[in-house]
Amino acid sequence: VEARRILALLVVAAVLLAAYPVARVVEWAGDTQAHTIVETVSTLLALMVGVIALVRYHSHQNTAFLLLGVGFAGTAFLDGYHATVTSEAFAELFPSVPSSLIPWSWFSSRLFLSVLMWLSWLAWLRERKSGQQRIIRERTVYASVTVLTIISFLFFTFVPLPRAYYPELLFPRPEEFLPALFFLAALIGYLIKGAWRKDTFEFCVVISLVIGVVGHALYMSSSSQIFDAEFTFAHLLKIITYLCVLAGLLISMHSLFRRADESAQALLKKTNDLTDEVALRERAEAVHRELSRENDALAEIGRIVNSSLDINEVFERTGQQVQKLIAFDRLAITLVDSEKGVFSTPHVSGKFIQGWEAGATEPLSGSAVEAIVLTRSGILANAQEMELLTKRFPVLNKGIDHGLASMIAVPLISNDD
């Protein structure tokens, strides 16, 4: 990437230098109307660059963007003023003749921008040396730019201007070397800064500075009269410099928004992961609490069995602990007498059912209890399975008639019996 950017800078400089002899021999000249259109476009572009640079500054505060923003915003007003005062409609309202007013009002906006671009690099240099961000206060920058802009307006409105062209010199407009000097100082500074090697915005700024230096030092300084070819070329190069900075700003804003979106997505992912982790932890804690509750209930059942010789008290308190583990409408404890072929129900908790009350004895043959004894395994039946189970054991219909829609039956085996 760095090699390609160096090559691009060399190509831009070479093209500008190669086009200079062409501009010198072209015998084409513009007019006031064309000039006004070009300056109107310049004004709109400079204003757009200034606004976007200030938005960029306030989204991620950087003094360089502040100075560039106010620099281009101030330049937009000066370019707009230049377009206005040099138009045919207002030319007679100012004390200076167009041959002086047009080049000097151009010069003021270009000098203003070149100084601000140089200051943007100087601010970065001071921040790097001091190790502090924003060593220049916003109010100071805004106030200074506003005062300079107003002074420029008043100066060109009321002060007669000297001549701007000196045809007796090798470069008829020697004053153009002053903004060229500031553009050159800014260019050297940005090249030394080195951020242009990786940062697209800074690379675009460097390109604009290269064009600015050549545009003033060669093209506009060689202009021998207003609206000649060098004059027109310099104005077009100014628009190109604005477009370069605008392109860099748009790319920078896009990168900023993309990084913000990526950060938001990463934050959302971390939030979701954290939410999942919290939910998982809550589920684990719920399972742990449930296991603790079950263990406590089972331990309590063990203590109950060993705490009393009254079997009815043991059954009653055991039923209370089972209720904590499994919610039920009816709990029955059944004892099987295989020799007599019967089973009895010494304890019942919950719903009363005639014929299944405590103390009742029923035949073992053909009952669900017999199936449990023979298979030595329990029965777990939901509402649908109960329909099939009642076909096999019709006596279970009595429970369904009393609202018992499901059933759990578990054999308690002691000493293999």
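Q: Hi! Which residues form that nonpolar patch on the surface?
A: Hello! In this predicted model, the patch is made of Ile150, Leu154, Phe155, Phe158 and Val159. Together they have about 470 Å² of accessible area.

Q: Where is Val159 found?
A: Val159 sits in the loop between α5 and α6.

Q: And is Val159 buried or exposed?
A: In between: its relative accessible area is 31%, so Val159 counts as partly exposed.

Q: Let's go inside. Which residues touch the most other members in the largest nonpolar core?
A: Those are Phe72, Met117, Leu209 and Leu249, in a core of 68 residues.

Q: Which helices supply at least two residues of this core?
A: The helices from α1 (2-25) to α8 (229-307) each do so. Among them are α3 (63-85), α4 (98-130) and α7 (200-219).

Q: Where does the largest share come from?
A: From α4, which gives twelve residues to this core.

Q: Back to Leu209: what is it in contact with, leaving aside neighbours within four places in sequence?
A: Leu209 is in contact with Met117, Phe183, Ala186, Leu187 and Tyr190. Met117 also appears beside Leu209 on the list of core residues that touch the most other members.

Q: What about another core, apart from that one?
A: There is one of 14 residues, which include Ala368, Met386, Leu389 and Leu404.

Q: New topic: how many aromatic pairs are there?
A: The count comes to eight aromatic pairs. In one of them, the rings of Phe65 and Phe201 have their centres 4.8 Å apart, with planes at 25°, so this pair is stacked.

Q: Which helices do Phe65 and Phe201 lie in?
A: Phe65 is in helix α3 and Phe201 in helix α7, so the pair ties together parts that are 136 residues apart in sequence.

Q: Are those two buried or exposed?
A: Phe65 and Phe201 are both buried.

Q: Why does the pair of Tyr219 and Phe233 count as stacked?
A: Because their planes are at 15°, and the cut-off for stacked is under 30 degrees. The ring centres of Tyr219 and Phe233 are 5.9 Å apart.

Q: What does that pair tie together?
A: Tyr219 lies in helix α7 and Phe233 in helix α8, so parts 14 residues apart in sequence are tied together.

Q: How about burial, starting with Tyr219: buried or exposed?
A: Tyr219 is buried, with 1% relative accessible area. Phe233 is at 29% relative accessibility and counts as partly exposed.

Q: Last one: which residues form an aromatic cluster with Phe233?
A: Tyr20 and Tyr219 form one aromatic cluster with Phe233.

How values were computed
Residues numbered from 1 in each chain as written. Predicted model: local features only at pLDDT ≥ 70, side-chain atom pairs only at ≥ 80, totals over all residues. Heavy atoms only, no water. Core = buried A, V, L, I, M, F, W, Y, C linked by side-chain atoms within 4.5 Å. Buried < 20%, exposed > 50% of the residue type's maximum accessible area, 1.4 Å probe, protein only. Helix = DSSP H or I, 4+ residues; strand = E, 2+ residues; numbered from the N terminus. Contact = heavy atoms within 4.5 Å. Patch = residues over 30% accessible without salt bridge, like charges linked within 9 Å, V, L, I, M, F, W, Y side chains within 5 Å. Areas by Shrake-Rupley, 256 points an atom, 1.4 Å probe, with all protein chains shown as cover. Salt bridge = Lys/Arg side-chain N within 4 Å of Asp/Glu carboxyl O. Phe/Tyr/Trp six-rings, centres within 6.5 Å; stacked < 30°, edge-to-face > 60°.
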